[in-house]
Amino acid sequence: MSNSELACVYAALILADDDVAITSEKLTTILKAAGVDFEPYWPGLFAKALESCDLKSLITNVGSGVGAAPAAGAPAAAGDGGAAPAAAKEEAKKEEEEEEEDDDMGFGLFD
């Protein structure tokens, strides 16, 4: 992410925190006041992308998804007999193999 994009994100968060509508003009004003060098199209893109979005609710509901993963340090159930660590290792191995398969087909992130 470039500094221009990051500055637009921060400016949008400032506006949302003050319950002010996020517009291209307001983003531009904040960026200029902060002394940020930016391409003139960024504020318009961010304003257009966020015009139909309630940014405050988006931020407050980030971790409230259904089916959230359990905590990594959760203790194993009583009487498990060590099956949980073995299952975790097997699952990690499967995920690693799937990632390798994706890379082989040219779908890797860092090609």
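Here is a friendly exchange between two colleagues about the predicted model shown above.

Colleague: Before we start, how many helices and how many strands are in the secondary structure of the protein?
Modeller: This is a predicted model in which residues are numbered from 1 along each chain as its sequence is written, local features need pLDDT of at least 70, side-chain atom pairs count only at pLDDT 80 or more, and totals for chains, interfaces and linings use all residues. Side-chain values use heavy atoms, with hydrogens and water left out. Helices (H or I, at least four residues) and strands (E, at least two) are DSSP runs, numbered from the N terminus. From that end the elements run α-α-α-α-α, and the totals are five helices and zero strands.

Colleague: Thanks! Which element gives the largest share of the largest nonpolar core?
Modeller: A nonpolar core is a set of buried Ala, Val, Leu, Ile, Met, Phe, Trp, Tyr and Cys residues joined through side-chain atoms within 4.5 Å; buried means under 20% relative accessible area, exposed over 50%, and partly exposed in between (1.4 Å probe, protein chains only). The largest such core has 15 residues, and Ala12, Ile22, Leu27, Leu31 and Leu55 have the most contacts inside it. Two or more residues each come from α1 (3–17), α2 (24–33) and α3 (41–50). The largest share, six residues, comes from α1.

Colleague: Leaving aside neighbours within four places in sequence, which residues is leucine 31 in contact with?
Modeller: Contact means heavy atoms within 4.5 Å. Leu31 is among the residues with the most contacts inside the largest core. Beyond those sequence neighbours, leucine 31 is in contact with Ala7, Cys8, Ala11, Val36, Phe38 and Pro43.

Colleague: Nice. What covers the buried residues of α1?
Modeller: The buried residues of α1 are Ser4, Ala7, Cys8, Ala11, Ala12, Leu15 and Ala16. Their cover includes α2, α3 and α4 (55–60).

Colleague: Now α3: which residues are exposed on the other side from its buried ones?
Modeller: Trp42, Pro43, Phe46, Ala47 and Leu50 are buried in α3. They lie on the same side of α3 because they cover an arc of only 125 degrees around the axis, the arc being that of the directions from the helix axis to the C-beta atoms. The cover over these buried residues includes α1, α2 and α4. On the other side of α3, the exposed residues are Lys48 and Ala49.

Colleague: Which residues form the aromatic cluster?
Modeller: Rings of Phe, Tyr and Trp (its six-membered ring) pair if their centres lie within 6.5 Å; planes under 30 degrees apart count as stacked, over 60 as edge-to-face and the rest as tilted. The whole structure holds two aromatic pairs: tyrosine 41 with tryptophan 42 is tilted, at 5.1 Å centre to centre and 40 degrees between the planes. Tryptophan 42 with phenylalanine 46 is tilted too, at 6.1 Å and 55 degrees. The one cluster is formed by Tyr41, Trp42 and Phe46.

Colleague: And is tyrosine 41 buried, exposed or partly exposed?
Modeller: Tryptophan 42 counts as buried because its relative accessibility is 17%, and phenylalanine 46 is buried as well. Tyrosine 41 has a relative accessible area of 45%, so the term for this residue is partly exposed.

Colleague: Last one: what share of the 111 residues in the protein is buried?
Modeller: The accessible surface comes to about 8600 Å², 57% of it belonging to carbon and sulfur atoms; areas come from the Shrake-Rupley method with a 1.4 Å probe, and for residues only the protein chains shown count as cover. Of the 111 residues, the buried share is 17%.
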